[in-house]
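Visitor: Hi, I have just opened this one on my screen and would like to go through it with you. Could you put it up here too?
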Amino acid sequence: MKRMLIPFMAVACLVLIWTGYSQHADSKTDVFRYKHSYVGDNSAVGNIVKQLAHHQELHQIELETKQTPYGIHLTYQEIDAEAVEQEIKETVLYNATYLFALVDNVDHITFTFPDNAYTVTRATLDGWYNTQLSTVEQEQDLKKLIQDHLKSDKSVNQFFVH
């Protein structure tokens with residue numbers, strides 16, 4: 001009886017591990033199912049933000065929908081003590097890029113951290129990338145755009161200089 005139980009348990013564990021991995025992979029790769037969302041769709045915006053960098057430290061999401069221009073305000077708790085300002089700026093750039101690519105009517109996004117706040121506008125970020133983020137239709141294209149700009153002479157710090 002013990003001989004049959006051990007292989008069965010091993011197979012069951014492998015199935016559980018694979019299922020967990022598959023669900024995690026799917027949730028990270030299908031963020032573009034929220035493409036063409038609107039600021040007023042709090043469920044879609046929340047689901048997008050839950051898949052972005054430092055979502056674990058996200059404290060509050062506020063949607064500015066009463067009048068145009070529409071906006072999103074994300075408030076974060078303290079990010080890891082080892083996180084430097086550069087990492088926070090990269091998080092702002094990465095998260096804003098995804099939100100502008102996926103949420104059609106958002107004009108500005110404010111990121112508030114315990115020590116800093118950053119506001120990014122669609123026009124500024126589109127200009128930095130030299131493309132309209134709303135036209136990007138696939139996640140791999142968006143990732144490549146981000147990576148290319150972070151590697152080029154357009155460093156994150158140049159984006160934040162006004």
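Visitor: Before I look at any detail, what pLDDT does the protein chain average?

Guide: This is a predicted model, and the protein chain averages a pLDDT of 83, with 77% of the residues scoring at least 70.

Visitor: And where in the chain is confidence lowest, and where is it highest?

Guide: The lowest mean, 40, belongs to helix α1, which covers residues 2–29, whereas the highest, 98, belongs to strand β3, residues 106–112. Over residues 4–27 the pLDDT is below 50, and that stretch has one contact in the model once near neighbours in sequence are set aside. Where pLDDT is low, the predicted coordinates should not be read in detail.

Visitor: Fine, I'll leave that part alone. How many helices and strands does the protein chain come to?

Guide: There are six helices and four strands in the protein chain, and along the sequence they follow the pattern α-α-β-β-α-β-β-α-α-α.

Visitor: What share of the residues is buried?

Guide: Of the 162 residues in the protein chain, 36% are buried. As for how contacts are spread along the sequence, if you take those between residues at least 6 apart, 58% join residues at least 24 apart.

Visitor: Let's talk helices, then. At what angle do α3 and α5 pack?

Guide: Helix α3, residues 85–102, packs with α5 at an angle of about 145°, and the axes are 11 Å apart. The crossing of α3 past α5 is right-handed.

Visitor: Which residues make that contact?

Guide: From α3 the contact takes L93, Y94, T97, Y98 and A101, and from α5 it takes E139, L142, K143, I146 and L150. Sorted by character, the residues of this contact of α3 with α5 are seven nonpolar, one polar and two charged.

Visitor: Staying in α3, there's a lysine, K89. Is K89 buried or exposed?

Guide: K89, which is found in helix α3, is buried, because its relative accessible area is 12% and the cut-off for buried is under 20%. Leaving out residues up to four places away in sequence, K89 touches Y118, V156, N157 and F160.

Visitor: Y118 is an aromatic, so let me switch to those. How many aromatic pairs does the structure hold?

Guide: The structure holds four aromatic pairs. One of them joins F113 and Y118, whose ring centres are 6.4 Å apart; the planes stand at 70°, so the pair is edge-to-face. F113 and Y118 are both buried.

Visitor: Which residues form an aromatic cluster with each other?

Guide: Y76, F113 and Y118 form one aromatic cluster. As for another of the pairs, W128 and Y129 are also edge-to-face, at 5.0 Å centre to centre and with 70° between the planes, and both W128 and Y129 are buried.

Visitor: Now the backbone. Which peptide bond is cis?

Guide: The bond from T68 to P69 is cis, with omega near -5°, and P69 is found in the loop between β1, residues 58–64, and β2, residues 70–76.

Visitor: What about phi of H54?

Guide: H54 has a phi near 60°, which is a positive value in a residue other than glycine. H54 is found in the loop between α2, residues 42–49, and β1, and with a relative accessible area of 17% it is buried.

Visitor: And N130, is it buried or exposed?

Guide: N130 counts as exposed, because its relative accessibility is 67% and the cut-off for exposed is over 50%. N130 also has a positive phi, of about 60°, although it is not a glycine, and it lies in the loop between α4, residues 122–129, and α5, residues 139–151.

Visitor: One last spot, E137. Where does E137 lie, and which residues is it in contact with?

Guide: E137 lies in the loop between α4 and α5 and is partly exposed, with a relative accessible area of 47%. Setting aside neighbours within four places in sequence, E137 is in contact with F32, K35 and H36.

Visitor: How far apart are the C-alpha atoms of E137 and K35?

Guide: The C-alpha atoms of E137 and K35 are separated by 7.8 Å, although these residues are 102 residues apart along the chain.

Terms used. Residues numbered from 1 in each chain as written. Predicted model: local features only at pLDDT ≥ 70, side-chain atom pairs only at ≥ 80, totals over all residues. Heavy atoms only, no water. pLDDT = per-residue confidence, 0-100. Helix = DSSP H or I, 4+ residues; strand = E, 2+ residues; numbered from the N terminus. Contact = heavy atoms within 4.5 Å. Buried < 20%, exposed > 50% of the residue type's maximum accessible area, 1.4 Å probe, protein only. Phe/Tyr/Trp six-rings, centres within 6.5 Å; stacked < 30°, edge-to-face > 60°. Axes fitted to C-alpha atoms, helices over the stretch in contact; angles between N-to-C directions. Left-handed = near helix turned anticlockwise from the far one by under 90°. Nonpolar A, V, L, I, M, F, W, Y, C, P; charged D, E, K, R; others polar.
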